[in-house]
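Student: I am new to this structure and should be grateful for a close look at a single part of it. Please choose one element from the interior, describe its surroundings, and then relate it to the rest of the chain.

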Amino acid sequence: MWKRLRPLIIATLLMPTFLLPALSWATETEDEENPPAEPVPVTAVDQTAQPADSSASQAALRLLSNTVEPGSFNTLYWSPEQSFASIATPVPVLVAHGAHPGPVVCMTAAVHGDELNGIEMVRRLMFDLEPKQLNGSVIGIPIVNLDGFRRAERYLSDRRDLNRHFPGNPQGSSASRIAHSLFTDVIAHCQYLVDLHTGSMARTNLPQLRGNLKKPEIVEMAKHLGGITVLHGAGAQGTLRRAATDAGIPALTMEAGGPLVLEEGAVDYGVKALQTLLDSLGMKESSRFWSAPQPVFYESQWVRASQGGILLSNVKLGDKVKTGQVLGSVIDPISNTGSAVLSPFNGRILGMAVNQVVQTGYAAYHVGVEKAAEKVEQEAEAAESQAEEQDKDGPSTSQSLDE
Ligand SMILES: [Zn+2]
């Protein structure tokens with residue numbers, strides 16, 4: 001793998017650094033809330049251009065105004081510098097800096113403060129690492145949105161969604177400044193990023209990856225996570241993984257379970273996938289070189305409730321469904337009339353709403369069809385441009401609903 005990556009990394013290192021921010025600049029769209037960001041310098045970490053070689057010596061890691069020695073585990077703090085009444089709340093950043101050179105893998109959790117499964121994934125993965133045996137570094141931020149986490153809410157205190165403001169802007173809104181600070185202080189040091197999420201607003205997701213499969217480096221990265229479900233999507237403007245991808249850092253979102261709960265099955269599955277990533281990047285001394293199962297790529301669509309009322313499901317997450325199968329029904333409790341929500345095609349339930357009261361048009365079931373990665377990529381391209389014209393506010397074919 002290193003043989004394949006080496007020319008890319010060397011090319012990146014040789015590229016004048018002013019060109020890198022220019023790439024992310026070019027993809028910015030202008031809007032009132034989020035004016036174009038200042039260019040974010042992407043720090044190339046030259047030590048990782050070498051293959052994971054346990055005999056080579058590792059340099060100290062400079063991060064968040066600290067020097068982290070090789071072979072050590074540290075808790076650093078990132079201060080977003082945005083706070084009520086100047087009371088800053090430093091956010092803990094866990095760093096395992098390996099004794100030997102290798103890639104820098106980052107994991108972020110609870111960018112949405114009510115999404116708990118990722119917090120537990122980061123804890124399990126980080127405290128299982130042995131820095132003295134590690135090739136490269138693992139940086140884990142268990143709770144990015146500490147502010148939302150304390151209130152058990154998805155958003156920041158100003159009701160903004162932090163995951164719509166990356167890479168941020170130091171002169172923008174509060175959310176945009178926080179995003180910019182995280183992006184420059186931590187994310188720019190990463191060579192791979194996995195941003196951990198769950199379903200949103202009383203929806204739950206089968207563990208799955210989301211990434212821009214039009215980029216070969218992201219397809220490659222997804223393959224390192226083993227036999228997990230992968231969905232294509234560029235990601236909504238302002239999502240962390242999209243901004244990282246635009247800045248040249250291969251990034252994936254992992255969705256697993258629902259908000260406000262800790263789900264052992266989802267956590268366990270996610271940790272296994274993340275460990276497979278570290279293994280297949282050759283970061284663990286004890287790497288077993290077994291071939292990981294291949295990921296399964298999906299194309300997907302949300303199915304919406306055609307009326308308001310009480311939604312009761314007939315299916316479970318992960319179920320295989322057939323065209324026309326009743327996924328659930330929505331019943332009006334006053335008139336006692338109802339309608340069935342039907343599957344538009346043969347597929348699998350990748351995400352769904354929990355039983356609840358819904359309004360007309362509520363995205364209730366996320367149904368996916370297995371496809372070859374290349375096919376997903378081609379068809380997604382056509383579907384995306386169509387969807388952009390038809391439905392600018394809704395997730396008819398995209399997966400940006402939860403992220
Ligand atoms: Zn989320």
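Tutor: The account below begins with a single strand and then moves outward from it. The model is a predicted one, and the chosen part is strand E5, which spans residues 100-109.

A few figures for the whole chain give the setting. The protein chain has 403 residues, of which 49% are buried. Its secondary structure amounts to nine helices and 18 strands. Of the contacts between residues at least 6 apart in sequence, 70% join residues at least 24 apart.

Is strand E5 enclosed or open to the outside? Ten of its ten residues are buried, and the strand is therefore largely enclosed by the rest of the structure. Two strands pair with E5. With strand E6 (residues 135-141) it forms six bridges in the parallel sense; within this pairing, Thr-108 has Ile-141 of E6 as its bridge partner. With strand E7 (residues 192-197) the pairing is again parallel, over five bridges, and here Ala-109 is matched with Leu-196 of E7.

The connection from E5 to E6 deserves attention. Together with helix H3 (residues 117-126), these two strands make a right-handed β-α-β unit. Helix H3 is itself mostly covered, since seven of its ten residues are buried because each has 20 or more other C-beta atoms within 10 Å. The buried residues are Asn-117, Gly-118, Ile-119, Glu-120, Met-121, Val-122 and Leu-125. Among the elements that cover them are E5, E6 and E7, together with strand E10 (251-257) and helix H8.

The next step is the nonpolar core. The largest such core has 96 residues, and those with the most contacts inside it are Cys-106, Ala-109, Ile-187, Leu-193 and Ala-364. Helix H8 (residues 264-280), already named as part of the cover over H3, gives the most to this core, with seven residues. Where does the core lie with respect to the two domains? Domain 1 (24-280) and domain 2 (300-370) both contribute residues to it, so it lies between them. Leu-193 illustrates the contacts made there: apart from neighbours within four places in sequence, it is in contact with Cys-106, Ile-187, Arg-241, Ala-244, Ile-249 and Ala-251.

Domain 2 can be approached through one of the sheets. Four strands form an open sheet in the order E15-E14-E12-E17, with antiparallel pairing. Strand E15 (338-342) and strand E17 (356-358) stand at the edges; each has a single partner strand, so one side of each has no neighbour in the sheet. Neighbouring strands of this sheet are turned against each other by 35° on average, direction ignored. Within the sheet, strand E12 (residues 309-313) is joined to strand E14 (residues 326-331) by four bridges, and Leu-312 stands opposite Ser-329 in E14. Three bridges join E12 to E17, again in the antiparallel sense, with Val-358 of E17 as the bridge partner of Gly-309.

Two individual residues complete the picture. Arg-348 lies in strand E16, residues 347-353. It has 21 other C-beta atoms within 10 Å and is therefore buried. Beyond four places in sequence, Arg-348 touches Gly-318, Asp-319, Lys-320, Val-321, Val-367 and Gly-368. Its C-alpha atom is separated by 9.8 Å from that of Lys-316, which is 32 residues apart along the chain. Ser-72, found in strand E3 (residues 72-78), has 15 C-beta neighbours inside 10 Å and so counts as partly exposed. Leaving out residues up to four places away in sequence, Ser-72 touches His-97 and Pro-131. The C-alpha atoms of Ser-72 and Lys-132 are separated by 6.9 Å, although these residues are 60 apart along the chain.

To return to the starting point, E5 is a strand with ten of its ten residues buried, paired in the parallel sense with E6 and with E7, and joined with H3 and E6 in a right-handed β-α-β unit.

Note on methods. Residues numbered from 1 in each chain as written. Predicted model: local features only at pLDDT ≥ 70, side-chain atom pairs only at ≥ 80, totals over all residues. Buried ≥ 20, exposed ≤ 12 C-beta atoms within 10 Å, placed from the backbone. Contact = placed C-beta atoms within 7 Å. Pairing = 2+ DSSP bridges. Axes fitted to C-alpha atoms, helices over the stretch in contact; angles between N-to-C directions. Core = buried A, V, L, I, M, F, W, Y, C linked by C-beta atoms within 7 Å. Domains from an automatic or database assignment. Right-handed = clockwise from strand over helix to strand, strands pointing away.
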